[in-house]
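Biologist: I am new to this structure and would like a close look at a single part of it, set in the context of the whole. Please take me through it slowly, beginning with the way the parts are arranged.

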Amino acid sequence: MTNIETIEVAAAAGAYPVLVGEGLLNRPGGLKEWLRGGGVLAVTSRTVAEIYLDRLPALLGADECESVILPDGEEAKSIGHWQRILRRMAELELGRDCALLALGGGCVGDVAGFAAACYHRGVDYLQLPTTLLAQVDSSVGGKTAINTDWGKNLLGAFHQPRAVLCDTAALSTLPQREFAAGLAEVVKYGMVADSSFFGWLENNNRRLLARDAACLRHAVKRSVEIKARIVGEDEHDRSGRRAVLNFGHSFAHAIEHSAGYGEWLHGEAVAAGMCMAARLAVGEGGLRETDRKRLEALLSAFGLPLCAQGLGADTLKRAMLTDKKNLKGAIRLVLPDGLGRARLTSDFSHESLDAVLAGQQP
Ligand SMILES: NC(=O)c1ccc[n+]([C@@H]2O[C@H](COP(=O)([O-])OP(=O)(O)OC[C@H]3O[C@@H](n4cnc5c(N)ncnc54)[C@H](O)[C@@H]3O)[C@@H](O)[C@H]2O)c1
């Protein structure tokens with residue numbers, strides 16, 4: 001095993017570690033220190049199960065590992081699959097000292113985390129994220145959720161994992177489109193919190209796209225450090241501090257909703273959404289045009305979309321009006337003030353927003 005980095009995430013119920021390194025899924029007994037001795041149930045998705053599920057017994061130091069295998073993608077985040085996990089836990093007669101292992105992307109992590117939050121009013125879970133998006137974002141911070149027929153992520157809980165193991169070697173099997181979508185969230189961290197990380201991403205974009213091991217490790221570690229710092233300051237997303245992590249996301253949710261869920265990958269919508277927010281920020285005088293162009297150039301180098309082509313401004317605006325960040329009916333957006341700085345605000349011109357949604361320069 002080369003270089004394992006550990007980042008601590010502060011939380012009211014106790015800090016937990018995020019480990020980043022290659023081969024974390026290959027360490028015999030590598031999970032033991034976070035288990036309380038009760039039973040263990042792994043939750044994973046079909047594709048991930050085929051590649052990685054057989055690693056779990058060794059990782060647990062056991063002969064076998066019980067598992068629930070969910071469909072790939074958003075379909076896993078349903079009430080039905082959440083209930084399946086809970087029923088299996090009950091069948092196995094798991095007690096309060098048990099643990100769920102969430103092995104997979106953000107969808108598996110979200111539904112398994114929510115099952116862990118609910119079973120016996122809360123049991124342990126460990127995140128073993130296998131997508132770039134899950135490693136740099138969804139596995140850290142304790143937001144768990146499922147989708148309902150009245151909206152995405154609308155049923156959930158804050159429930160922090162006991163530990164997160166980001167095995168960057170697992171990213172080698174990720175399809176290119178999924179990998180690029182994760183890079184959008186990495187760029188987001190540079191934009192909202194760290195201009196020198198943004199510069200590092202510009203200088204290393206080719207190596208990163210080629211999934212160079214050292215580059216990947218650094219990109220995941222720095223992203224997790226930034227997320228850990230911000231969620232540590234605002235665990236339950238109440239002060240507006242954590243909201244900066246939603247840079248581009250109000251536009252992204254509107255894009256995903258308007259195009260129909262599944263058409264765009266979340267990270268692709270975030271890329272276009274960040275470009276739209278940046279356009280608005282330039283129009284409002286907060287961001288320099290040269291910095292907006294740098295953002296577009298970096299996202300473009302990663303093969304990500306820069307606008308929501310083909311989606312009508314009215315449809316997008318209607319979807320934005322239902323965003324969770326809005327306050328008393330007013331749209332609130334995260335707008336950058338420069339590279340590495342952003343804030344949540346409702347103080348912008350609606351004419352400029354309409355122009356951005358229509359694909360024009362405000
Ligand atoms: N909880 C949070 O804070 C938070 C933050 C951001 C996003 N999310 C949620 O995360 C979800 C998206 O997560 P995602 O982008 O990881 O998508 P995903 O979970 O759908 O995974 C993408 C696809 O890649 C496959 N896969 C996963 N790892 C693989 C690997 N190593 N090799 C090959 N295939 C692999 C999966 O089976 C799936 O088909 C959304 O539901 C979003 O709402 C949650």
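How far apart do the C-alpha centres of domain 1 and domain 2 lie? From there, please look closely at the side of domain 1 that touches domain 2 and at helix H4 (106-118), which supplies residues to the shell around the ligand.

Modeller: Everything that follows describes a predicted model. The protein chain is divided into domain 1, residues 5-173, and domain 2, residues 176-357, and the C-alpha centres of these two domains lie 26 Å apart. Their contact draws 25 residues from domain 1 and 26 residues from domain 2. On the domain 1 side, the elements that give two or more residues to this contact are strand S1 (5-9), strand S2 (16-21), helix H5 (132-138) and strand S8 (151-158). Of these, H5 provides the largest share, five residues, and the class make-up of the whole domain 1 side is 14 nonpolar, six polar and five charged residues.

The wider setting can be given briefly before we narrow the view. The protein chain holds 14 helices and eleven strands, and its radius of gyration of 20 Å is close to the 21 Å that the globule rule gives for 362 residues, so the chain is as compact as a globular protein of that length. Taken along the principal axes, its C-alpha atoms fill a box of roughly 60 × 40 × 35 Å. Of the 362 residues, 51% count as buried, and among contacts with a separation of 6 or more, 73% join residues that are 24 or more positions apart.

The helix H5 that we met at the domain contact also belongs to the surroundings of the ligand, since helix H1 (46-52), H4 and H5 each supply at least two residues of the shell around it. In total, 28 residues surround the ligand, and the closest are Asp72, Gly105, Gly106, Thr131 and Ser138. By class, this shell consists of eight nonpolar, 13 polar and seven charged residues.

Ser138, one of those closest residues, is found in H5 and counts as buried, because 25 C-beta neighbours lie inside 10 Å, where 20 or more are needed. Leaving out residues up to four places away in sequence, Ser138 touches Gly106, Gly109, Asp110 and Leu133, and among these Gly106, Gly109 and Asp110 are buried residues of H4. Ser138 also shows how the fold brings distant parts of the sequence together, for Ser138 and Lys227 are 89 residues apart in sequence but 9.9 Å apart in space, C-alpha to C-alpha.

Turning to H4 itself, its 13 residues should span 18 Å at 1.5 Å a residue, and the end C-alpha atoms are indeed 18 Å apart, which agrees. Twelve of the 13 residues are buried, so H4 is largely enclosed by the rest of the structure; the buried ones include Cys107, Val108, Val111, Ala112, Phe114 and Ala115.

Part of what touches H4 comes from Ile85, which lies in helix H3 (residues 79-91) and is buried, with 23 other C-beta atoms within 10 Å. Apart from its neighbours within four places in sequence, Ile85 is in contact with Val43, Val68, Val111, Ala112 and Ala115, and Val111, Ala112 and Ala115 are among the buried residues of H4. Ile85 and Tyr119 are 34 residues apart in sequence and 9.5 Å apart in space, C-alpha to C-alpha.

The backbone just beyond the helix deserves a careful look as well. Most residues other than glycine have a negative phi, yet His120, just after H4, takes a positive phi of about 50°, and Arg121 has a positive phi of about 60° although it is not a glycine. Arg121 sits in the loop between H4 and strand S6 (124-129) and is exposed, with 7 other C-beta atoms within 10 Å.

A further positive phi of about 60° belongs to Asn153, again not a glycine. Asn153 has its place in strand S8, one of the elements on the domain 1 side of the contact with domain 2, and is partly exposed, with 16 other C-beta atoms within 10 Å.

For another helix to set beside H4, look at helix H11 (residues 266-283), whose 18 residues should span 26 Å and whose end C-alpha atoms are 26 Å apart, which agrees. H11 is mostly covered, as 18 of its 18 residues are buried, and just after H11 Gly285 takes a positive phi of about 85°.

Methods: Residues numbered from 1 in each chain as written. Predicted model: local features only at pLDDT ≥ 70, side-chain atom pairs only at ≥ 80, totals over all residues. Domains from an automatic or database assignment. Contact = placed C-beta atoms within 7 Å. Helix = DSSP H or I, 4+ residues; strand = E, 2+ residues; numbered from the N terminus. Nonpolar A, V, L, I, M, F, W, Y, C, P; charged D, E, K, R; others polar. Near = placed C-beta within 6 Å. Expected span 1.5 Å × (residues − 1). Rg over C-alpha atoms; globule rule 2.2 N^0.38 Å.
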